[in-house]
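Please read the following briefing alongside the sequence and the structure, which are shown here. It takes up the surroundings of each DNA strand in turn and then the protein interior.

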Protein chains: 2
Amino acid sequence: MRRDVFQAIADPTRRAILTLLVVQAMTPNALAEHFETTRQAVSKHIGILTECGVVSQKQTGREIHYHVNPEKLKEIDIWLERFRKMWEDRFDQLDNILNNL
Amino acid sequence: MRRDVFQAIADPTRRAILTLLVVQAMTPNALAEHFETTRQAVSKHIGILTECGVVSQKQTGREIHYHVNPEKLKEIDIWLERFRKMWEDRFDQLDNILNNL
DNA sequence: AATATTTGCAACCGATTGGTTGCAAATATA
DNA sequence: TATATTTGCAACCAATCGGTTGCAAATATT
């Protein structure tokens, strides 16, 4: 199955889950309370995020706390690198224009 | 239709297209030569990239040259911001460990 | 004027997606 | 021990995705 970080963050619900998990680790039930969908739907999203290593789990009793793996998201940052050069160049150009005025 | 930058870069072929276009603007035909798929499939991808503003076009005669809009990709960079803090913290931690050895 | 090239658009197709409901397993609580 | 809570898994469903083929329109070329 084609499962990578880019596909993982393509879905807005999954991005929202990551935004919640970056603040603190949460259980699927706690996460589901923040969304309109069912717990199972949220669990599916967590499954996809886990599958490509963006989140990890830590079980304590019957509860499972999920937390973000920021290193995986760094992969996106690395891919963006070549484009970052471009928008920084454009900013420099704007800077030059402003200096000349 | 749910079309945003995150969904645009989810597909590996579209990422490859952007990687080609960042070097130089290209026509759909020229792009299609770099892939196994048909020109029409590539054109569909270009359509999606155009729809969410990641690429723009410049028509000269019957040829259309597509180029990257780096500002749109910056949106992803901005979203990554909150996580970047995390992996930088972890790097600092590793740095501390190495210094103590 | 006739022909070739470049492109976009529409129709169709199988696979995947994001969602649902139902249920079983494991752990906590009464 | 009986019951409640938390979770994962499987089956199913409509919508979307990435791909195809066919065709028409616009521009170059002969």
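In this predicted model, the element that contributes most to the surface near DNA strand D is α4(B), with 5 residues; a residue is near a strand if one of its heavy atoms lies within 4 Å of it, and helices (H or I, at least four residues) and strands (E, at least two) are DSSP runs numbered from the N terminus. Local features need pLDDT of at least 70 and side-chain atom pairs count only at pLDDT 80 or more, whereas totals for chains, interfaces and linings use all residues. Residues are numbered from 1 along each chain as its sequence is written, chains are lettered from A and ligands numbered from 1 in the order in which they are written, and side-chain values use heavy atoms, with hydrogens and water left out.

**DNA strand D**

- Around DNA strand D there are 25 residues, of which A:Y66, B:T38, B:K44, B:H45 and B:G61 come nearest.
- Side-chain N or O atoms lie 2.3 Å from a phosphate oxygen of this strand in B:H45 and 2.4 Å from a phosphate oxygen in A:Y66, while for A:R39 the partner is a base oxygen, at 2.9 Å.
- Two or more residues each are given to this surface by α3 (28–32), α4 (39–51) and β2 (63–68) of chain A, and by α2 (12–21) and α4 (39–51) of chain B.
- By class, the surface has 5 nonpolar, 11 polar and 9 charged residues, where Ala, Val, Leu, Ile, Met, Phe, Trp, Tyr, Cys and Pro count as nonpolar, Asp, Glu, Lys and Arg as charged, and the others, Gly among them, as polar.

**DNA strand C**

- DNA strand C is surrounded by 24 residues, and the closest are A:T38, A:K44, A:H45, A:G61 and B:Y66.
- Of the atoms of DNA strand C within 4 Å of the protein, 61% belong to sugar or phosphate, and the rest belong to bases.
- A polar side-chain atom of B:R39 is found 2.9 Å from a base oxygen of DNA strand C.
- On this side α4(A) gives the most to the surface, with 5 residues.

**Nonpolar core**

- The largest nonpolar core (buried Ala, Val, Leu, Ile, Met, Phe, Trp, Tyr and Cys residues joined through side-chain atoms within 4.5 Å, buried being under 20% relative accessible area with a 1.4 Å probe, protein chains only) has 52 residues, and A:L18, A:L73, B:L18 and B:L73 touch the most other members.
- Not counting residues up to four places away in sequence, B:L73 touches (heavy atoms within 4.5 Å) residues that include A:W79, A:F83, A:W87 and B:L18.

Methods: A polar contact is a pair of N or O atoms within 3.5 Å; within protein, one must be able to donate a hydrogen and the other to accept it, and residues adjacent in sequence count only if both atoms are side-chain atoms. Buried means under 20% relative accessible area, exposed over 50%, partly exposed in between (1.4 Å probe, protein chains only).
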